[in-house]
Amino acid sequence: MTQADSSSNQGSNASAFNFTLMSISFSHYNEKARWGLDYYGIPYTEYRSLPILHMLSMFKSRAKACPTSGTPFVTPHLTVAPANAPDEKDVKITMNDSTEILGFMSDRFSAPPNKAATSTSTPPLNLYSNNAETKAKILALEERFDTIIGPNVRRLVYSEILCHSPKSVGQSLGQHGNAGALQTWIWTWFFFVFSWILIRFIRVTPESAERSKDILKREFEHLSRVLESGPPGPAYLVGNEFTAADMTLASLASLLVGVTQEDGYGAWVPPMSVFRPEAQEFLKELRESTAGQHILECYRLHRGKKAEGSKYGLSFFGWW
Ligand SMILES: N[C@@H](CCC(=O)N[C@@H](CS)C(=O)NCC(=O)O)C(=O)O
């Protein structure tokens with residue numbers, strides 16, 4: 001696998017491998033991994049699950065030890081297997097962390113052309129720089145977003161969906177093609193049980209949701225200042241180029257600024273208009289900030305479509 005000049009890696013030796021992504025379809029960490037695969041033009045098969053039901057989907061692929069965040073069933077989970085020996089355990093590579101997945105893609109595959117470039121001589125954008133100091137900055141930001149933005153967005157969004165609009169929004173998360181028919185059926189009928197478990201597991205309370213809101217507001221203010229005070233030229237978090245830091249921020253915070261499937265999000269997510277007026281007001285404030293506009297711009301310029309040749313997989317006779 002080399003750094004060739006192509007907008008898609010289908011011609012490179014990516015085709016010598018089968019890529020299988022096990023996901024919780026609407027989750028923002030899964031969106032980050034999906035974006036990484038799509039960005040490098042890697043065709044993959046995505047097996048989508050809904051929260052809690054993902055434990056059944058992931059049972060055979062569960063981690064031996066509990067990862068630092070999440071349970072042994074944590075998603076995104078990517079398997080890379082040689083196309084000519086897809087079932088041979090010893091030669092499979094597996095990853096269950098979005099940062100590890102982006103790093104793997106960037107190390108092995110050629111980056112797409114720079115869509116934000118004004119000149120054709122601008123080189124393609126790999127997600128991590130070859131310069132050690134710049135790479136360290138990108139990784140530090142990625143870690144910050146993974147540990148601060150990711151969990152707080154999850155808590156705030158679940159609080160809105162599960163506590164404030166369970167019937168109108170919560171139940172619909174399991175529909176719109178976010179999983180196979182059997183999962184959709186179970187989610188719809190047992191939604192209030194799942195909701196009860198998730199609220200306890202993620203520790204959603206009015207106080208914790210309020211805390212998450214404050215943290216996210218401060219993060220957006222800080223990031224807006226960083227973007228406004230960057231070097232002249234295209235505004236990105238590190239230098240003037242789109243990197244893994246921008247991709248991580250954009251995917252993990254997309255739900256706060258109203259990004260939907262039409263903007264490129266790889267699953268159905270509720271539009272801002274279905275939330276309570278007070279929640280909409282907060283999201284609108286974030287969307288209008290410099291950081292919010294940056295996220296929308298990253299989607300517009302860099303998200304792109306699903307990598308050509310990708311498909312959805314269904315197990316259990318096509319029902320799961
Ligand atoms: N640091 C991990 C976090 C992933 C994560 O929190 N995944 C959630 C989805 S929102 C999950 O699968 N939770 C279910 C579980 O842990 O069983 C990453 O970046 O991939």
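These legends walk through several close-up views of a predicted model.

**View 1. Two domains make up the division of this chain.**
Let us start with the overall layout. Domain 1 covers residues 13–126 together with 306–313, while domain 2 covers residues 132–303. If you place a point at the C-alpha centre of each domain, the two points are 20 Å apart. Where the domains touch, 20 residues of domain 1 are in contact with 32 residues of domain 2.

**View 2. The side of domain 1 that touches domain 2 draws on α1, β2 and α3.**
Here we look at one face of the contact. At least two residues come from each of α1, β2 (45–49) and α3. The most come from α1, which gives six residues to this side. Sorted by class, this side of domain 1 holds ten nonpolar, four polar and six charged residues.

**View 3. The largest nonpolar core has 73 residues.**
Which residues have the most contacts inside this core? They are Leu37, Ile42, Val153, Leu249, Ala253, Leu256 and Ile295. To find your way around, follow the elements that each supply at least two residues: β1 (17–24), α1 (28–39), α3, α4, α8 (206–228), α9 (244–253), α10 (277–288) and α11 (290–303). The helix α4 gives the most, with ten residues. Where does this core lie with respect to domain 1 and domain 2? Both domains give residues to the core, so it lies between them.

**View 4. Leu37 is one of the core residues with the most contacts.**
Now we zoom in on a single side chain and its surroundings. Setting aside residues up to four places away in sequence, Leu37 touches Phe19, Leu21, Ile42, Tyr44, Met105 and Ala307. One of these partners, Ile42, is also listed among the core residues with the most contacts.

**View 5. The ligand is surrounded by 15 residues.**
The closest of them are Ser27, Gly70, Thr71, Val74 and Ser98. Two elements give two or more residues to this shell, namely α3 (98–108) and α4 (132–164). Which classes of residue make up the shell around the ligand? There are five nonpolar, seven polar and three charged residues.

**View 6. Val238 sits in the loop between α8 and α9.**
Is Val238 buried or exposed? It has 20 C-beta neighbours inside 10 Å, so Val238 counts as buried. Its contacts, without residues up to four places away in sequence, are Thr134, Lys137, Ile138, Leu141, Thr243 and Ala245. For orientation, you can look back to Leu37 from the earlier view: the C-alpha atoms of Val238 and Leu37 are separated by 21 Å, and the two residues are 201 residues apart along the chain.

**View 7. A transmembrane region is listed by UniProt for residues 185–202.**
The annotation comes from an unreviewed entry. In the model, this stretch is 89% helix and 0% strand. From end to end, its C-alpha atoms are 23 Å apart.

**View 8. Ile202 and Arg203 share a view of the loop between α7 and α8.**
Ile202 lies in this loop, after α7 (191–201). With 16 C-beta neighbours inside 10 Å, Ile202 counts as partly exposed. Beyond its neighbours within four places in sequence, Ile202 is in contact with Arg154, Arg155 and Tyr158. Ile202 and Arg154 are 48 residues apart in sequence, yet their C-alpha atoms are 8.3 Å apart in space. Arg203 has a positive phi of about 55°, although it is not a glycine. Arg203 counts as exposed because it has 10 C-beta neighbours inside 10 Å.

**View 9. A cis peptide bond joins Thr75 to Pro76.**
The omega angle of this bond is near 0°. You will find Pro76 in the loop between α2 (54–57) and β3 (77–82).

**View 10. Phe317 has a positive phi without being a glycine.**
Our last stop is the segment after β5 (311–313), where Phe317 lies. The phi angle of Phe317 is about 55°. How many C-beta neighbours does Phe317 have inside 10 Å? There are 8, so Phe317 counts as exposed.

Terms used. Residues are numbered from 1 along each chain as its sequence is written. This is a predicted model: local features need pLDDT of at least 70, side-chain atom pairs count only at pLDDT 80 or more; totals for chains, interfaces and linings use all residues. UniProt positions are given in the numbering used here, feature names are shortened, and annotations may be inferred rather than shown by experiment. Helices (H or I, at least four residues) and strands (E, at least two) are DSSP runs, numbered from the N terminus. A residue is near a molecule or strand if its C-beta atom, placed from the backbone, lies within 6 Å of it. Ala, Val, Leu, Ile, Met, Phe, Trp, Tyr, Cys and Pro count as nonpolar, Asp, Glu, Lys and Arg as charged, and the others, Gly among them, as polar. A nonpolar core is a set of buried Ala, Val, Leu, Ile, Met, Phe, Trp, Tyr and Cys residues joined through C-beta atoms within 7 Å. A residue is buried if 20 or more other C-beta atoms lie within 10 Å of its own, exposed if 12 or fewer, and partly exposed in between; C-beta atoms are placed from the backbone. Domain bounds come from an automatic or database domain assignment. Two residues are in contact if their C-beta atoms, placed from the backbone, lie within 7 Å.
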